[in-house]
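Work through the exercises below with the sequence and the model open. Each task is followed by a solution in steps.

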Amino acid sequence: MTLPRLEDLTGLGPGTRVLVRLDLNVPVKDGTVLDLTRAEAALPTLRWLMARGAVIGACSHLGKANGEPDPRYSLAPVAAALSRLLDAQVRFVDDCLDGPVEEALSLAPAGSVVLMENLRFHPGEKANDPGFANDLAAPFSHYVNDAFGTAHRAHASVEAAVALFEHGRRAAGRLMAAELEALGRVIHDPEQPFVAVVGGAKVSTKTGPLRSMVERARTVLIGGGMANTFLLAQGHEVGRSLVEEDMVPVAREVMELAKERGVDLVLPQDLLVTDSIDSPSRVETVSADEQVPELLAADIGPVTIERFKSVLAGARTVFWNGPMGVFEVERFARGTLAVAEGLAACPGFTVVGGGESVMAVHQAGVADRIDHVSTGGGASLKLVAGEHLPALAALEE
Ligand code: ADP
Ligand code: MG
């Protein structure tokens, strides 16, 4: 998929009004931004447009806003944070439409940013409403989408509004381009051996990525809660472990596909099991085919950790999604942290995608030793699964 880039924009000059859709869905508490990662990720695109004198109307969603103004989900604190990060005043407008926006844009100097209030304060955003899209786009001649995290949603600011800008007047921003390049390298002709690590709680939320990885990788390492469903499909006892009986047919299908394609699908050989995640009194290592009826799996075991690490050491490409255990509890984090370190130590091209997996990479302190840490949880999984992403299709058309 080739998308228009910032360099492909035509007619850009001092005072050009550019609507820029960002993913500024940052955690905010009592008016303070707790984590600036997403705001920082938006800077390259903003700086590029500012350097060309654009008047930027930046927009985003935040939190669980649902069609009406809700002060808990205001973007006002993010405007202050962006001002500090850019070392330039970012003006805030308390709506994303009509008079207030027009006024703020007309007062904004060339090369500056106006941040508009949460798009989801209007029901038209999630509804992909053409009227809302039209009003949102009206003050602008150009459009840039840098909200990779929202690329899998057909919402007005990333879909309906895009068609209102002609070719040469719409483009993907820097972050979007970087995400597509890194994830594209994984799914299109990855350098072999390509090793995929898939974990997390459930098979049911990962059927697309699982199938896609078995189609592309040479080795697929499976851990986390979902491994139990595979073990059950092989006829093993899984005790009180998290398991999805209705996903057993999917697990079987994935294992058969792997066999047909000569892919090494590796399940845990041993597991760390416990009587309770929250207040464990028993924690034991057991063979994966001999789980204990009254215990549940909370992490992969030491033999599995060593095996996964040695496979990762020989990989030329790695994609990882999904923790190997309940890593939120320190005692059950070893497998997940070991995989994070395995990626960091791997000389090949390494990519991590997914909400909790990315958290684990930061927890392990190895984010800067991994080639690409995706900012888009759901979007990166859909892309890797080869699914249709409405925002990308809209930019491309
Ligand atoms: P991601 O967000 O990276 O895609 P998921 O949302 O699929 O990952 O899964 C993450 C969650 O899976 C974590 O909160 C973790 O606690 C849970 N998990 C991992 N292994 C197990 C397990 N054996 N039993 C229960 N939950 C697990
Ligand atoms: Mg998750």
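**Exercise 1. A parallel pair**

Find the residue in E6 that is the bridge partner of Arg91, then describe the unit to which the two strands belong.

Step 1. In this predicted model, Arg91 has Val114 as its bridge partner in E6.

Step 2. The pairing extends beyond that position: strand E5 (residues 90-93) and strand E6 (residues 112-116) are joined by four bridges. The two strands run parallel.

Step 3. Include the helix. Together with helix H4 (residues 98-107), E5 and E6 make a β-α-β unit, and the unit is right-handed.

**Exercise 2. The sheet of three strands**

Give the strand order of the open sheet that contains E12, and state whether its pairing is parallel or antiparallel.

Step 1. The order is E13-E12-E14, and the pairing is antiparallel.

Step 2. Identify the edges. Strand E13 (283-287) and strand E14 (296-300) each pair on one side only, so they are the edge strands by definition.

Step 3. Add the geometry: from one strand to the next, the twist averages 40 degrees.

Step 4. Check one pairing in detail. Strand E12 (residues 270-274) is joined to E14 by four bridges, and these strands run antiparallel. Within this pair, Val273 has Ala297 of E14 as its bridge partner.

**Exercise 3. The sheet of six strands**

Which strands lie at the edges of the open sheet of six strands, and what is the strand order?

Step 1. Write out the order: E11-E10-E9-E15-E16-E17, with parallel pairing.

Step 2. Read off the ends. Strand E11 (264-266) and strand E17 (372-373) are the edge strands, each pairing on one side only.

Step 3. Look at the E11 end. Three bridges connect strand E10 (residues 219-222) with E11, and the two run parallel. Here Thr219 stands opposite Asp264 in E11.

**Exercise 4. Two backbone details**

Locate the cis peptide bond that precedes Pro193 and the positive phi value at Asp30, and place each in its loop.

Step 1. The peptide bond from Gln192 to Pro193 is cis, and its omega is near 0 degrees. Pro193 belongs to the loop between helix H7 (174-187) and strand E9 (194-198).

Step 2. Asp30, a residue other than glycine, has a positive phi near 45 degrees. Asp30 sits in the loop between strand E2 (28-29) and strand E3 (32-33).

**Exercise 5. The surroundings of ligand 1**

Describe the shell of residues around ligand 1, and list polar contacts that the ligand makes with the protein, using a cut-off of 3.5 Å between N or O atoms.

Step 1. Ligand 1 has 17 residues around it, of which Lys206, Asn321, Glu328, Glu356 and Ser357 come nearest.

Step 2. Sort the shell by type: five residues are nonpolar, nine are polar and three are charged. Helix H13 (residues 355-364) supplies the largest share, three residues.

Step 3. Take the backbone contacts. An N or O atom in the backbone of Ala201 lies 3.2 Å from an oxygen atom of ligand 1. For Gly225, a backbone N or O atom is 3.1 Å from a nitrogen atom of the ligand.

Step 4. Take a side-chain contact. In Ser357, a side-chain N or O atom is 2.4 Å from an oxygen atom of ligand 1.

Step 5. Finish with coverage. On its own, ligand 1 has 580 Å² of accessible area, and the protein covers 82% of that.

Note on methods
Residues numbered from 1 in each chain as written. Chains lettered and ligands numbered in written order. Predicted model: local features only at pLDDT ≥ 70, side-chain atom pairs only at ≥ 80, totals over all residues. Heavy atoms only, no water. Near = heavy atom within 4 Å. Polar contact = N/O pair within 3.5 Å; in protein donor to acceptor, adjacent residues only side chain to side chain. Areas by Shrake-Rupley, 256 points an atom, 1.4 Å probe, with all protein chains shown as cover. Nonpolar A, V, L, I, M, F, W, Y, C, P; charged D, E, K, R; others polar. Right-handed = clockwise from strand over helix to strand, strands pointing away. Axes fitted to C-alpha atoms, helices over the stretch in contact; angles between N-to-C directions.
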